[in-house]
Amino acid sequence: MRMSRRSLLAAGTAAAALTPLPAGAAERAAHSGSRLRTGFERLAGDGYALLDGARVGVVTNPTGVTRDVRHIVDVMHADSRVDLTAVFGPEHGFRGTAQAGGSEGRYDDPATGLPVYDTYLKSGQALADVFAASGVDTVVFDIQDVGARFYTYIWTLYDCMEAARLAGKRFVVLDRPNPVTGRSARGPVLHKEFATFVGRQPIAQAHGMTVAELARLFNGEFLAAPVELDTVLMSGWSRDRFYDAWGLPWVPPSPNMPTPDTALVYSGTCLFEGTNLSEGRGTTRPFELLGAEGVDGRWAAAAGELDLPGVHFREAYFAPTFSKFQGKTIGGVQIHVHDRAAFEPVRTGIALLVTAKRAWSGFAWRSDNWIDKLTGSTLVRTMIDAGAGTDEVVAAWQDELDAFSKVRKHYLSYK
């Protein structure tokens, strides 16, 4: 018989493993040297009591690993205490074999024999039908996020929560760190008329939340009605520390997110997907290298003159092996973050757009105005086209960011 959340909360030690830490406890534990435990570690450490009696399906990708890099699907499949019956793969796939904009489709996993269902580009009733067909009654989510609104896994989370609600399934989120800290939200907030898979709901460009906190926000503010939701929080996590502080292995969440350094700049430099410049895909430093044919050292010099906090810009030349300018040597900049605590990725991304447009006559937005989908409105594009500087653009979204931050604080689970 499946234990309800109410039963678990009454179960003493089990509840202690699954409920939020007291105010300040996570921060004190982290700074006292206590090891961080992910949501999965706490779930497993409690003997999977939260999943007792449930037919379980897991939404995950290659990042759903233990500290010794075993995949949680393999671990749970081998454990008789869990009735794991299905896996749901997002963009790039469950085992991570697909590039951006792709998935692995429906197949049986060779390692476990479990059926793997494709969730990519499915939402609403279509995704609810997938959950219903799988026969599960509890859907578990465990994917490493990178902290940016346009990184699609948080919208996989949102779509799966909504689909679980429609299908009458319980939803469980296993928490992992925000790799770029959770100190604050930064950047423009999405306007609903610009909603796409790179931004379903009005949150900030750099949201400063964990996936469990986002799940609580989605459930409280945006779903048509709440889903039955449980979140298994981390212990020992504090909002002010970067990913490498925790001793966890980094598994690329997608092919062009190779290191935590990539995640650090991504919420700003991914905006170059909305331009005719390369965002560094096809190089060993995606989103840290930016450029195009005809760009020279004037761009790096112009960016450097802004004296942005925590970052230097180097004139760079590189030849992408795929994506924009494949096989061509192009010029641009490499971003070198020298003070992560001071670095402001969204402001830096805007500054690089402003200086690129001024330093290179060939600058252009993508013809489909993809930049508007990434930033969440026409504000950034139209202000830069009108000649606005970095500070003017950043100031223009401050009111909407302040409003989001007031909502956000009600869903934060860690200090």
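The legends below accompany several views of one predicted model.

**View 1. The whole chain, with its 15 helices and 12 strands**. Along its principal axes, the C-alpha trace of the chain spans about 65 × 45 × 40 Å. The radius of gyration of the chain is 21 Å, which agrees with the value near 22 Å that a compact globule of 415 residues would have. Of the 415 residues, 58% count as buried, and among the contacts with a separation of 6 or more, 74% are accounted for by residues 24 or more positions apart.

**View 2. The largest nonpolar core and the residues with the most contacts inside it**. This core has 105 residues, and those with the most contacts inside it are Leu157, Phe171 and Leu353. Helix 7, which covers residues 153–167, gives the most to this core, contributing 9 residues. Another core lies apart from it and has 22 residues, including Tyr48, Val82, Val172 and Val232.

**View 3. The surroundings of leucine 157**. When its neighbours within four places in sequence are left aside, leucine 157 is in contact with Phe141, Phe171 and Val173, and also with Val211, Leu214, Ala215 and Phe218. Of these partners, Val211, Leu214, Ala215 and Phe218 are listed among the buried residues of helix 8.

**View 4. Helix 8 and the elements that cover its buried residues**. Helix 8 runs over residues 211–222, and because 9 of its 12 residues are buried, this helix is largely enclosed by the rest of the structure. The buried residues are Val211, Ala212, Glu213, Leu214, Ala215, Leu217, Phe218, Asn219 and Phe222. What covers them includes three strands, namely strand 5 (138–142), strand 6 (170–174) and strand 9 (229–232), together with helix 7 and helix 15 (398–408).

**View 5. The largest pocket and its lining**. The space in this pocket comes to about 380 Å³. It is lined by 24 residues, of which Glu91, Ala100, Thr152, Glu273 and Arg281 are the closest to the centre of the pocket. Taken by class, the lining consists of 15 nonpolar, 6 polar and 3 charged residues.

**View 6. The largest cavity, one of 2 cavities of 30 Å³ or more found in a search of the whole structure**. The largest cavity has a volume of about 100 Å³. Among the 13 residues that line this cavity, Thr63, Val65, Arg176, Tyr243 and Pro249 are the closest to its centre. The lining is made up of 6 nonpolar, 4 polar and 3 charged residues.

**View 7. The second largest cavity and the part that helix 7 has in its lining**. This cavity has a volume of about 50 Å³, and the residues that line it are Thr119, Leu121, Lys122, Leu127, Thr156, Asp159, Cys160, Phe197 and Arg200. Helix 7 provides the largest share of this lining, with 3 residues, and helix 7 is also the helix that gives the most to the largest nonpolar core. By class, the lining of the second largest cavity has 4 nonpolar, 2 polar and 3 charged residues.

**View 8. Arginine 298 in helix 10**. Helix 10 covers residues 297–304, and arginine 298 is found in it. The relative accessibility of arginine 298 is 55%, and because residues over 50% count as exposed, arginine 298 is placed in that class. Threonine 355 is 57 residues apart from arginine 298 along the chain, and the C-alpha atoms of these two residues are separated by 9.2 Å.

Technical notes
Residues are numbered from 1 along each chain as its sequence is written. This is a predicted model: local features need pLDDT of at least 70, side-chain atom pairs count only at pLDDT 80 or more; totals for chains, interfaces and linings use all residues. Side-chain values use heavy atoms; hydrogens and water are left out. On a 1 Å grid over the protein atoms alone, a cavity is a set of points where a 1.4 Å probe fits but cannot get out, and a pocket is an open set with protein on both sides within 12 Å along at least five of seven lines; lining residues have an atom within 4 Å of a point. Grid points are joined across faces, edges and corners, and a volume is the space filled by probe spheres set on the points. Ala, Val, Leu, Ile, Met, Phe, Trp, Tyr, Cys and Pro count as nonpolar, Asp, Glu, Lys and Arg as charged, and the others, Gly among them, as polar. A nonpolar core is a set of buried Ala, Val, Leu, Ile, Met, Phe, Trp, Tyr and Cys residues joined through side-chain atoms within 4.5 Å. Buried means under 20% relative accessible area, exposed over 50%, partly exposed in between (1.4 Å probe, protein chains only). Helices (H or I, at least four residues) and strands (E, at least two) are DSSP runs, numbered from the N terminus. Contact means heavy atoms within 4.5 Å. The radius of gyration is taken over C-alpha atoms; the globule rule is 2.2 Å times the number of residues to the power 0.38.
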